[in-house]
Amino acid sequence: MRSISITVLFALFACVGLSTAQVKTPQPEPVKIPFDKSLQAVVVKTADWTATKGTAQRIERKDLKSQWKRVGDSFPVAVGRSGLAWGDYDRQPRAAARYKKEGDGNAPAGLFPLVSSFGTAVKPEALESPYTRLDTQIECVNDVRSSHYNKIVNRMQVGNLDWKSSEKMLAAGDQYALG
């Protein structure tokens, strides 16, 4: 079975030729998508920067020269409790509506490679990326001073518990059925 690179295009309102509703917030400048070897992607769209809910759509192409095509139906998603803020620091537009800061309640918007996944269920068969099954020891570290910042870790396996705040992933209920 061939390995497929997956990309998340998070909260880009006019990405890869998919039709979108008009948005009154400033749009990121066009950027060259750095995932030129990706064959699959997920596009998450929201109505605007303050929306807390949106839709996700899987897209794929047969090869690197093919056009992107929708796969299956779109599905509802929840984003940050305060909406979105630009968090792709490699490709910052000059006119983003908001910029991500830790603790602001915004989900990061931008272009992000999807290199691993997690969830409460058994790993889906079609998923080729590394998968972490959530249990009571799994936390997402949100302490910017930690060496584990912005990582999902098993607190019993990391050795150095150098953080003061984290999210207990399993405590979020079914919010993380598949993340």
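In the predicted model, strand β2, which spans residues 40-46, is largely enclosed by the rest of the structure, because five of its seven residues are buried. This strand pairs with strand β3 (residues 53-60) in the antiparallel sense, the pairing extending over seven bridges, and the two strands are joined by a hairpin of six residues. Within this pairing, V43 of β2 has Q57 as its bridge partner in β3.

At the level of the whole chain, the secondary structure consists of 11 strands and zero helices, so that the pattern read along the sequence is β-β-β-β-β-β-β-β-β-β-β, with strands defined as DSSP runs. Of the 179 residues, 37% count as buried, and the accessible surface of the chain comes to about 11,200 Å², 53% of which belongs to carbon and sulfur atoms. Among contacts between residues at least 6 apart in sequence, 51% join residues that are at least 24 apart.

Nonpolar side chains tend to be buried together in soluble globular proteins. In the present model, the largest nonpolar core has 10 residues, namely V42, V44, W49, A56, V79, L84, W86, A96, A107 and A109. Two or more residues of this core are given by each of the elements β2, β5 (83-86) and β6 (106-114). A second core, separate from the largest one, has six residues, among them L134, C140, M169 and Y176.

Side chains of opposite charge can pair when their charged atoms come close, and the structure holds four salt bridges. In one of them, the side chains of D104 and K100 meet at 2.6 Å, N to O; D104 counts as partly exposed because its relative accessibility is 24%, whereas K100, at 18%, falls under the 20% limit and therefore counts as buried.

A further group of charged residues is centred on E139 in the description that follows. The side chains of E139 and R155 meet in a salt bridge at 2.5 Å, N to O, and this pair links distant parts of the chain, with E139 in strand β9 (residues 138-141) and R155 in the loop between β10 (152-154) and β11 (166-168), 16 residues apart. E139 also meets the side chain of K168 in a salt bridge, at 3.8 Å, N to O; here too distant parts of the chain are linked, since K168 lies in strand β11 and E139 in strand β9, 29 residues apart. E139, R155 and K168 are thus linked in a network of salt bridges. With a relative accessibility of 0%, E139 counts as buried, while R155, at 28%, is partly exposed, as is K168, with a relative accessible area of 42%.

Terms used
Residues are numbered from 1 along each chain as its sequence is written. This is a predicted model: local features need pLDDT of at least 70, side-chain atom pairs count only at pLDDT 80 or more; totals for chains, interfaces and linings use all residues. Side-chain values use heavy atoms; hydrogens and water are left out. Buried means under 20% relative accessible area, exposed over 50%, partly exposed in between (1.4 Å probe, protein chains only). Helices (H or I, at least four residues) and strands (E, at least two) are DSSP runs, numbered from the N terminus. Two strands pair if DSSP finds at least two bridges between them. Contact means heavy atoms within 4.5 Å. Accessible areas come from the Shrake-Rupley method with a 1.4 Å probe; for residues, only the protein chains shown count as cover. A nonpolar core is a set of buried Ala, Val, Leu, Ile, Met, Phe, Trp, Tyr and Cys residues joined through side-chain atoms within 4.5 Å.
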